[in-house]
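These are my notebook entries on one protein chain. I set down what I looked up, in the order in which I looked.

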Amino acid sequence: MNPSRESQSRNLESRLSRSQSRSSRVFVAQARITKDEHDNLLRAARAEGRALGEWAREVLLREARRTEDPLFIELIATRMILLNLLKPLAMGQVVTPDEFTRISATVRSDKRRVAQEIQQQYINAPSKEV
């Protein structure tokens, strides 16, 4: 068998063994996209060494399963710290180390809940045309 055929045979065997270990995929998720969007998606899939359909499926499922956005949560935590520190400073008060520790602990325990509330506000807000 020549090297090219051998490689194709191994690839087919690999694909068959993967498909036998999972439930069958019978549903299709589609979206119409522009040529530029297609090129961007294709570039991203190739950068990870994946076929476009396989890569897109993984991205869609990852996003659908994601319940929290760590970056958004930390952004909200930073906002909470700033607001809790700036108010007393603007009023001429001194923020003691104990107060700073209390503020930090409160932010640490509340940041996920507050981020979720803020995201819900964005979801419920009427959309505005730009």
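**Entry 1: the chain as a whole.** I began with burial, and I found that 12% of the chain's 130 residues count as buried. I note here that the model I am reading is a predicted one. I then looked up the secondary structure: there are five helices and zero strands. Written along the sequence, the pattern reads α-α-α-α-α. I also looked up contacts between residues at least 6 apart in sequence, and 55% of these join residues at least 24 apart.

**Entry 2: helix 2.** I recorded that helix 2 covers residues 35-47, which makes 13 residues. From its first C-alpha to its last it reaches 18 Å, close to the 18 Å expected at 1.5 Å a residue. After helix 2 comes glycine 49, and I noted that its phi is positive, near 70°.

**Entry 3: the largest pocket.** I next asked where empty space is left, which rolling a probe the size of a water molecule over the atoms shows. The largest pocket holds about 490 Å³ of space. Two elements, helix 2 and helix 3 (52-65), each give two or more residues to its lining. I counted 17 lining residues in the record of this pocket, and those nearest its centre are Ala29, Gly53, Ala56, Arg57 and Leu60. Which helix gives the most to the lining? I found that it is helix 3, with eight residues. By kind, the lining residues are 12 nonpolar, three polar and two charged.

**Entry 4: the largest nonpolar core.** In soluble globular proteins, nonpolar side chains tend to be buried together. I therefore looked up the largest nonpolar core, which has 11 residues, among them Phe72, Ile76, Met80, Val114 and Ile118. Helix 4 (70-90) and helix 5 (97-124) are the elements that give two or more residues to this core. Helix 4 supplies the largest share, six residues.

**Entry 5: isoleucine 118 and isoleucine 76.** I chose isoleucine 118, which lies in helix 5, for a closer look. Is isoleucine 118 buried or exposed? Its relative accessible area is 11%, under the 20% cut-off, so I entered isoleucine 118 as buried. Leaving out residues up to four places away in sequence, I found that isoleucine 118 touches Phe72, Ile76 and Arg79. Isoleucine 76 and isoleucine 118 are 42 residues apart along the chain, yet their C-alpha atoms are separated by 8.7 Å. I then read the contacts from the other side: beyond its neighbours within four places in sequence, isoleucine 76 is in contact with Lys111, Val114, Ala115 and Ile118.

How values were computed: Residues are numbered from 1 along each chain as its sequence is written. This is a predicted model: local features need pLDDT of at least 70, side-chain atom pairs count only at pLDDT 80 or more; totals for chains, interfaces and linings use all residues. Side-chain values use heavy atoms; hydrogens and water are left out. Helices (H or I, at least four residues) and strands (E, at least two) are DSSP runs, numbered from the N terminus. The expected span of a helix is 1.5 Å times one less than its number of residues. On a 1 Å grid over the protein atoms alone, a cavity is a set of points where a 1.4 Å probe fits but cannot get out, and a pocket is an open set with protein on both sides within 12 Å along at least five of seven lines; lining residues have an atom within 4 Å of a point. Grid points are joined across faces, edges and corners, and a volume is the space filled by probe spheres set on the points. Ala, Val, Leu, Ile, Met, Phe, Trp, Tyr, Cys and Pro count as nonpolar, Asp, Glu, Lys and Arg as charged, and the others, Gly among them, as polar. A nonpolar core is a set of buried Ala, Val, Leu, Ile, Met, Phe, Trp, Tyr and Cys residues joined through side-chain atoms within 4.5 Å. Buried means under 20% relative accessible area, exposed over 50%, partly exposed in between (1.4 Å probe, protein chains only). Contact means heavy atoms within 4.5 Å.
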